[in-house]
Amino acid sequence: MKRAGIFLVLLGVAAMLGGCAGSPSRGDRREGETTRSRAPFNDDINRPQSSRYRQSEDSTPDGDGIDIASMPEPVPRSEPRSRYGNKSPYNVLGQTYTVLPTAAGYDERGIASYYGSKFHGYMTSDFEKYDMYAFSAASKVLPLPSYARVTNLENGKSVIVRINDRGPFAENRIIDLSYAAAVRIGIWPKGTGLVEVQGIDPARENAEPPLPITVTAQKVGTPRLYLQVGAFGDPANAERLATRLRDQDVGAVRVVDAQIGGRTLKRVQIGPLADVDAADRVTEKINAMGLPHAQVAVQ
């Protein structure tokens, strides 16, 4: 649930994109969102992250009678790109990210986290207010706004979310879910989970019959979590890296073949790892070795 404090960085990105266009319009309530009161305060976006929020640590509500299981999901629809939060490429914490032109065709597996009470009512990267009771999410690369289906690979539950924020910028995470979305698919209260994120083409999604409100788990296998440290065309280079990793006692190391663009690459991977915490610990070891940033691979 920990979330990097990068709003002011993205505010600068938004300002460069939006220029002097004036105050952006707030997003109206989307079909499928629950009606909740917004936090009764003004979000001072010019304040530093250390003092901007009323809470120092994130948390989730104790439970106030909200029946998340029966809440309808947002209905994907074509929307104009926000003037804010879509500058591409952009840089956060030394990493450069490129915003995709569309969510259609996006399909990635990895680790999901979620964010809750600390950020409720505060501005998202596209200058809407974060509502932890709505089915929304933050992505580093999907356009704002857009829609995606997030499936928990450990229980088969899925939810449609509206992407209206940037993040998460913590190691090894690909999406930050709202509290409601995390509850819906079983990421809460654990805090993280292995998921598949699939971008939605609104025209195609709405041509299909609507999904039932109650989401039931589908039969799934046990996902296996790996960290990919490199991919090489030269097998000797792959074996050298694998030997170096084995010498550092980071866990089981394997070299596997992958066909990419007609080429056979040797992928060097660590795992399978027991859980997300283990992946984070191994990532710290890899970083300490001065190796390139490892990528999460879920199979």
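# Exercises on a predicted model

Asparagine 172 sits in the loop that links β6 to β7. Keep in mind as you work that this is a predicted model.

## Exercise 1: a residue in a loop

Find out whether asparagine 172 is buried or exposed, and which residues it meets.

*Solution.* Start with the accessibility. Asparagine 172 has a relative accessibility of 8%. The cut-off for buried is under 20%, so asparagine 172 counts as buried.

Next, look at its neighbours. Leaving aside residues up to four places away in sequence, asparagine 172 touches Ile111, Leu227, Ala279, Asp280, Thr283, His293, Ala294 and Val296.

Now pick out Thr283 from that list. The side chains of asparagine 172 and threonine 283 are joined by a polar contact of 2.9 Å. Threonine 283 is one of the buried residues of α6, and that helix is up next.

## Exercise 2: the two sides of α6

Check the span of helix α6, then work out how its buried residues are arranged around the axis.

*Solution.* Begin with the span. α6 covers residues 276–288, which makes 13 residues; at 1.5 Å a residue they should span 18 Å. The end C-alpha atoms are 19 Å apart, which agrees.

Then list the buried residues: Val276, Ala278, Ala279, Val282, Thr283 and Ile286. Look down the axis of α6 and these fall within an arc of 150°, so they line one face of the helix. The general rule behind this kind of pattern is that an α-helix has 3.6 residues a turn, so residues three or four places apart point the same way.

What does the buried side pack against? The partners are β3, β7, β8, β9 and β11. Over on the other side of α6, you'll find Arg281, Glu284 and Ala288 exposed.

Finish with the two ends. At the start of α6, aspartate 275 brings a side-chain oxygen to within 3.3 Å of the backbone nitrogen of aspartate 277. After the helix comes glycine 290, with a positive phi near 75°.

## Exercise 3: the same steps for α5

Repeat the steps for α5, residues 235–247, and say which strands its buried residues pack against.

*Solution.* The 13 residues of α5 should span 18 Å at 1.5 Å a residue, and its end C-alpha atoms are 18 Å apart, which agrees.

Its buried residues include Ala238, Leu241, Ala242 and Leu245. Viewed down the axis of α5, the buried residues lie within an arc of 100°, so they line one face. They pack against β9, β10 and β11. The face turned away from that side carries the exposed residues Arg240 and Asp247.

As for the ends, a side-chain oxygen of aspartate 234 comes within 3.0 Å of the backbone nitrogen of alanine 236 at the start of α5. Following the helix is aspartate 249, whose phi is positive, near 55°.

## Exercise 4: just past α5

Place alanine 252 and describe its surroundings.

*Solution.* First, the place: alanine 252 lies in the loop between α5 and β10. Second, its accessibility: a relative accessible area of 48% makes alanine 252 partly exposed. Third, its contacts: beyond residues up to four places away in sequence, alanine 252 touches Gln269, Ile270 and Gly271.

Last, compare it with a residue on the helix. Alanine 252 and alanine 242 are ten residues apart in sequence, and their C-alpha atoms are 9.7 Å apart in space.

## Exercise 5: the cores

Find the largest nonpolar core and say which element gives the largest share of it.

*Solution.* Count the residues: the largest nonpolar core has 33, and Val150, Val161, Ile175 and Leu177 have the most contacts inside it. Then see where they come from. The elements giving two or more residues are β3, β4, β5, β6, β7, α3 and β8. The largest share, five residues, belongs to α3.

Zoom in on valine 161. Among the residues it touches are Pro74, Phe135, Tyr147, Val150, Leu177 and Ala181. Apart from this core lies another, of 25 residues, including Leu227, Leu273, Ala278 and Ala294.

## Exercise 6: zooming out

Describe the protein as a whole, using its elements and its buried share.

*Solution.* Count the elements: there are six helices and twelve strands. Of the 299 residues, 50% count as buried. For contacts with a separation of 6 or more, residues 24 or more positions apart account for 79%. Finally, the protein exposes about 14,600 Å², with carbon and sulfur atoms supplying 50% of it.

Definitions and conventions. Residues numbered from 1 in each chain as written. Predicted model: local features only at pLDDT ≥ 70, side-chain atom pairs only at ≥ 80, totals over all residues. Heavy atoms only, no water. Core = buried A, V, L, I, M, F, W, Y, C linked by side-chain atoms within 4.5 Å. Buried < 20%, exposed > 50% of the residue type's maximum accessible area, 1.4 Å probe, protein only. Helix = DSSP H or I, 4+ residues; strand = E, 2+ residues; numbered from the N terminus. Contact = heavy atoms within 4.5 Å. Expected span 1.5 Å × (residues − 1). Arc of directions from axis to C-beta. Polar contact = N/O pair within 3.5 Å; in protein donor to acceptor, adjacent residues only side chain to side chain. Areas by Shrake-Rupley, 256 points an atom, 1.4 Å probe, with all protein chains shown as cover.
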